[in-house]
Amino acid sequence: MSGPHPLNQAVIAQALHDLRNGQLRRARSMGFDAQDLDALKNPAMASILANAAICWCAVTINREVLRRLLQQVDNVAREVEEIDRLLRLGASTELITRFYGLTHQEIALRRAVIGLPKRKGRHPVLTEEQDATLWETWSAAVKARDIPLTDETAMFALAADLAESTGLPLSVVWSAIRGWIDEGQI
């Protein structure tokens, strides 16, 4: 004769945990009704169920929930890749906090993980030539992409693309763009 079925033990352990912690809704979602839960309060009954050699419960997969959970993993991975890209492009802690909600500590950890040196001080100011070239490129891109000046998310994505193409720090590019928008220079 074989020993207790591991699935039975896991189900009973979870149900007992839920009962002890007052999480009856979760225990019920596992298929237990009020009578079953009352029976589980009796240690002898719980022991019989947990130690049964035959499996008395079944596992079902909610494919829709599983698909959504797996998409969340992909979405988080893409977001981490984007944050790493922005940090490499010279985004400031304030920008990452503003657009992604990370704390200063989380940003410092991401910088350490991707091997970025600790920044000291501010990024340099644009020269007049850099400013003029960046403004021309930016204004043409805003028109080509038809980005409303009030769409900060799209504007930030454009700023990242400009930082990447020009080699300028993203925080400097963003500051220039915000200044041009505030001054109505488009």
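**Notebook: helix crossings, pocket and an aromatic pair**

I began with helix 5 (residues 63–88) and helix 7 (residues 104–113), whose axes come within 10 Å and cross at roughly 80°. I note at the outset that this is a predicted model. Because angles of 65 to 115 degrees count as roughly perpendicular, I entered helix 5 and helix 7 as roughly perpendicular to each other. I then looked up the residues that meet there, and found Val80, Asp84 and Leu87 on the helix 5 side and Ile107, Arg110 and Arg111 on the helix 7 side. By class, I wrote down three nonpolar and three charged residues for this contact, with no polar ones.

Next I turned to helix 6 and helix 10, whose axes come within 9 Å and cross at roughly 70°. That angle makes helix 6 roughly perpendicular to helix 10. I listed Leu95, Arg98 and Phe99 from helix 6, and Leu170, Ser171 and Trp174 from helix 10, as the residues that make the contact. The contact of helix 6 with helix 10 has four nonpolar residues, one polar and one charged.

I then looked up the largest pocket, in which about 670 Å³ of space lies. Its lining has 26 residues, and I recorded Ser92, Glu94, Arg119, His123 and Ser171 as the closest to the centre. Ser171 was already in my notes, as one of the helix 10 residues in the contact with helix 6. The elements giving two or more residues to the lining are helix 6 (93–100), helix 7 and helix 10 (170–183). Sorting the lining by class, I have twelve nonpolar, seven polar and seven charged residues.

Last, I went through the aromatic rings, where a search of the whole structure finds five aromatic pairs. I followed up Phe32 and Trp56, whose ring centres are 6.5 Å apart and whose planes stand at 70°, so I entered the pair as edge-to-face. Phe32 lies in the loop between helix 2 (24–29) and helix 3 (34–40), and Trp56 in the loop between helix 4 (43–50) and helix 5, so the pair ties together parts that are 24 residues apart in sequence.

Technical notes:
Residues are numbered from 1 along each chain as its sequence is written. This is a predicted model: local features need pLDDT of at least 70, side-chain atom pairs count only at pLDDT 80 or more; totals for chains, interfaces and linings use all residues. Side-chain values use heavy atoms; hydrogens and water are left out. Axes are lines fitted to C-alpha atoms, for helices over the stretch in contact, and angles run from 0 to 180 degrees between N-to-C directions. Helices (H or I, at least four residues) and strands (E, at least two) are DSSP runs, numbered from the N terminus. Angles under 35 degrees count as roughly parallel, over 145 as roughly antiparallel, 65 to 115 as roughly perpendicular and the rest as oblique. Contact means heavy atoms within 4.5 Å. Ala, Val, Leu, Ile, Met, Phe, Trp, Tyr, Cys and Pro count as nonpolar, Asp, Glu, Lys and Arg as charged, and the others, Gly among them, as polar. On a 1 Å grid over the protein atoms alone, a cavity is a set of points where a 1.4 Å probe fits but cannot get out, and a pocket is an open set with protein on both sides within 12 Å along at least five of seven lines; lining residues have an atom within 4 Å of a point. Grid points are joined across faces, edges and corners, and a volume is the space filled by probe spheres set on the points. Rings of Phe, Tyr and Trp (its six-membered ring) pair if their centres lie within 6.5 Å; planes under 30 degrees apart count as stacked, over 60 as edge-to-face and the rest as tilted.
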